[in-house]
Amino acid sequence: MAKGKAARTECVAQSIGGRNNSATSFWDRILTVEETATLIGVRISELKDAVRYQKLLKGKAAPEVHSVSGTGKLFFVGRSIKSFIED
């Protein structure tokens with residue numbers, strides 16, 4: 001991964017981090033759909049469509065969903081999103 005992309009990813013991760021205090025690092029957290037879309041660099045609706053309809057997202061399979069709340073909100077595993085970004 002290019003150094004600029006890595007630095008940008010860490011900057012975004014730090015700016016939206018802070019919740020989930022039991023995690024040892026940002027990437028150990030469960031991420032919201034909003035955080036995930038920001039990190040990947042896509043619109044929330046684009047991420048939701050890729051997950052829902054099993055479409056490619058930036059030329060790759062959409063990241064796997066960790067869980068869905070009772071109201072339908074999506075959550076993702078931070079480490080999976082980090083791998084998605086780095087590949």
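**Exercise 1. Burial and surface.** Determine what share of the residues of the protein chain count as buried.

*Solution.* Step 1: apply the cut-offs, by which buried means under 20% relative accessible area, exposed means over 50%, and partly exposed lies in between (1.4 Å probe, protein chains only). Step 2: of the 87 residues of the protein chain, 30% are buried by this rule. Step 3: turn to the surface, where the protein chain exposes about 5400 Å², with carbon and sulfur atoms supplying 51% of that area. These areas come from the Shrake-Rupley method with a 1.4 Å probe, and for residues only the protein chains shown count as cover.

**Exercise 2. Confidence.** State what average pLDDT the protein chain has, and examine residues 14–18.

*Solution.* Step 1: this is a predicted model, in which local features need pLDDT of at least 70 and side-chain atom pairs count only at pLDDT 80 or more, while totals for chains, interfaces and linings use all residues. Residues are numbered from 1 along each chain as its sequence is written, and side-chain values use heavy atoms, with hydrogens and water left out. Step 2: pLDDT is the predictor's confidence in each residue, from 0 to 100; the protein chain averages 83, and 74% of the residues score at least 70. Step 3: over residues 14–18 the pLDDT is below 50, and this stretch has 6 contacts in the model beyond near neighbours in sequence; contact means heavy atoms within 4.5 Å. Where pLDDT is low, the predicted coordinates should not be read in detail.

**Exercise 3. Elements and core.** List the order of the elements from the N terminus, then identify which of them supply the largest nonpolar core.

*Solution.* Step 1: helices (H or I, at least four residues) and strands (E, at least two) are DSSP runs, numbered from the N terminus. The protein chain has 4 helices and 5 strands, in the order α-β-α-α-β-β-β-β-α. Step 2: a nonpolar core is a set of buried Ala, Val, Leu, Ile, Met, Phe, Trp, Tyr and Cys residues joined through side-chain atoms within 4.5 Å. The largest such core has 16 residues, of which W27, L39, I40, L47, L57 and I81 touch the most other members. Step 3: at least two core residues come from each of α2 (33–40), α3 (44–53), β5 (74–77) and α4 (78–86). Helix α2 gives the largest share, 4 residues.

**Exercise 4. The setting of A50.** Establish whether A50 is buried or exposed, and which residues A50 is in contact with.

*Solution.* Step 1: A50 belongs to helix α3. Step 2: A50 counts as buried because its relative accessibility is 2%. Step 3: apart from neighbours within four places in sequence, A50 is in contact with K55, L57 and A62.

**Exercise 5. Salt bridges.** Work out which parts of the chain are tied together by D28 with R79 and by E34 with K73.

*Solution.* Step 1: a salt bridge is a side-chain nitrogen of Lys or Arg within 4 Å of a carboxyl oxygen of Asp or Glu; the count comes to 4. Step 2: D28 and R79 form one of these, at 2.8 Å, N to O. D28 lies in the loop between α1 (3–16) and β1 (30–32) and R79 in helix α4, so the pair ties together parts 51 residues apart in sequence. D28 is partly exposed at 33% relative accessibility, and R79 is partly exposed at 41%. Step 3: the side chains of E34 and K73 also meet in a salt bridge, at 3.2 Å, N to O. E34 lies in helix α2 and K73 in the loop between β4 (65–68) and β5, so this pair joins parts 39 residues apart in sequence.
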